[in-house]
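Hi,

Here is the structure I said I would pass on. Have a look at it first, and my notes come after.

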Amino acid sequence: MVFSSEYRIPGTAAPDGSCAFTYRSTSRKRGEFNSPRYPSNYPSTTNCTYLFLATPNEQVNIVFDHFKVRADTANATFGSYGAYCQEDWLEVYNVYKDGTERQVGRYCGVTAPGPVESNRGAIGLKVLLHSDGEGVFSGFKARYTFEIAKSIFGDCGSNLSSQESGVISSPNWPSNYDGPQRGLASKTCNWFVGVRPRHKILLNFEYFAVEGEPLARGCPAAVVRIWHTTDGPPLELCGEKLPLDRSQFTSDGNTMRIRCTSEDVPGSFPAQRTSWISQGIQHYGSHPHAARNYQQNERIRDATSTLLRGSTFVSTSSTLEALGKQGIDTKYIQLLRSIYKDATASVMLHEKETEEFRIEKGVRQGDCLSPILFTAVLVEVFKTSDWEERGLQINGEHISHLRFADDIVLFATNGEDLA
């Protein structure tokens with residue numbers, strides 16, 4: 001039975017009158033649901049649950065057409081979701097037969113969730129709307145559809161776990177990605193990347209244009225989700241261009257899943273093309289010249305995996321800052337930053353390997369790029385040093401210092417100038 005309760009929510013309400021609604025595939029294959037009292041403001045101090053239960057060979061899709069949930073701590077860079085949602089929020093979960101739930105995401109503000117498709121193996125989805133005792137907004141309106149379950153790879157996608165590197169691109173690249181087949185709610189591509197144990201995956205978006213505006217309306221029409229941790233919810237991306245600090249992602253372990261989902265309106269953007277490497281590093285490629293860029297990046301990586309580690313006194317941040325001031329291309333600086341963000345090492349001691357420890361400064365000895373990086377830092381140091389009035393006059397020329405790689409000679413007429 002489907003009806004609209006005092007909350008003005010279509011669905012099968014809980015017998016006790018609480019704000020809890022169930023939607024079963026056996027009763028209805030598609031429909032709408034909304035926040036309490038929509039389009040008026042939802043009530044304060046409320047928790048509403050919406051449970052969507054599919055049959056064993058089905059998945060459920062949810063698309064949000066309107067979304068406005070109170071958020072006082074909105075993020076000005078990539079929208080409001082996750083930890084930024086502290087007042088009111090909407091959460092989406094995959095629900096499993098054993099009673100466990102896995103969060104897809106938490107959303108607030110005007111950052112609408114991207115199209116959501118339940119995982120293979122899940123019995124459905126749960127949506128939870130929470131409001132505290134303060135101000136309230138108009139909430140949300142959404143559509144749900146139960147469909148025959150897709151392959152684990154979705155409508156496209158693949159298993160990339162047997163490769164050391166590669167390129168992922170959206171359907172029809174470099175043309176615009178298309179929507180789902182006629183009558184279906186969404187189109188989904190799942191890519192699974194796996195590398196050797198004790199390695200990580202570096203994912204690099206060299207081109208990204210996915211319909212949506214994270215700050216203005218979220219990702220209701222299309223979204224790219226990245227599961228880079230084993231337990232946490234995915235990152236959620238859309239928009240015509242990613243912020244610089246969100247164009248590269250490193251996995252916590254040796255696996256990563258990337259899902260691209262678009263709803264039933266064809267995209268007006270050419271979407272994304274992505275590259276990766278193993279960390280080791282693994283870099284999944286995203287550019288018409290990805291193969292060439294990958295080879296260049298590999299040479300840089302092999303040479304620079306040392307380069308930020310040699311002299312014990314040079315920090316990684318100082319090295320990257322110096323490269324930026326000297327006009328080095330941002331993509332190479334970002335590559336270095338991603339490689340060394342979580343760099344670790346261990347030591348063999350008495351035939352036993354110690355626990356891993358973090359590497360935060362230095363450049364590796366003997367590497368051909370180490371002197372270049374170290375020198376880049378020294379150039380900035382000497383730019384800020386007052387040596388114009390110090391040094392020696394030799395054959396009519398003023399010489400204050402000589403430097404080669406990490407060897408420096410300072411000239412002075414007295415010991416005080418060297419202090």
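Below is what turned up on strand pairing and salt bridges.

Keep in mind that this is a predicted model. One piece to look at is an open sheet of four strands, which run in the order 4-11-6-9 with antiparallel pairing. Its edges are strand 4 (30-34) and strand 9 (116-117), each of which pairs on one side only. Five bridges connect strand 4 to strand 11 (residues 139-148), again antiparallel. If you want a spot to zoom in on, Glu32 has Arg143 of strand 11 as its bridge partner.

Now the charged pairs: there are 13 salt bridges in the structure. In one of them, Lys29 and Glu58 bring their closest N and O atoms to 2.6 Å. Lys29 sits in the loop between strand 3 (20-24) and strand 4, while Glu58 belongs to strand 6 (residues 58-68), so this contact ties together parts that are 29 residues apart in sequence. Lys29 is partly exposed at 41% relative accessibility, whereas Glu58 is buried at 8%.

Another salt bridge joins Glu91 and Arg106, at 2.8 Å from N to O. Here Glu91 comes from strand 7 (residues 89-95) and Arg106 from strand 8 (residues 101-107), 15 residues apart. Glu91 is buried, with just 4% relative accessible area, under the 20% cut-off.

Then there is Lys150 with Asp155, 2.9 Å from N to O. Lys150 is buried at 9%, and Asp155 is partly exposed at 36%. Finally, Asp65, Arg143 and Glu263 form one network through salt bridges that share partners.

Cheers

Technical notes. Residues are numbered from 1 along each chain as its sequence is written. This is a predicted model: local features need pLDDT of at least 70, side-chain atom pairs count only at pLDDT 80 or more; totals for chains, interfaces and linings use all residues. Side-chain values use heavy atoms; hydrogens and water are left out. Two strands pair if DSSP finds at least two bridges between them. Helices (H or I, at least four residues) and strands (E, at least two) are DSSP runs, numbered from the N terminus. A salt bridge is a side-chain nitrogen of Lys or Arg within 4 Å of a carboxyl oxygen of Asp or Glu. Buried means under 20% relative accessible area, exposed over 50%, partly exposed in between (1.4 Å probe, protein chains only).
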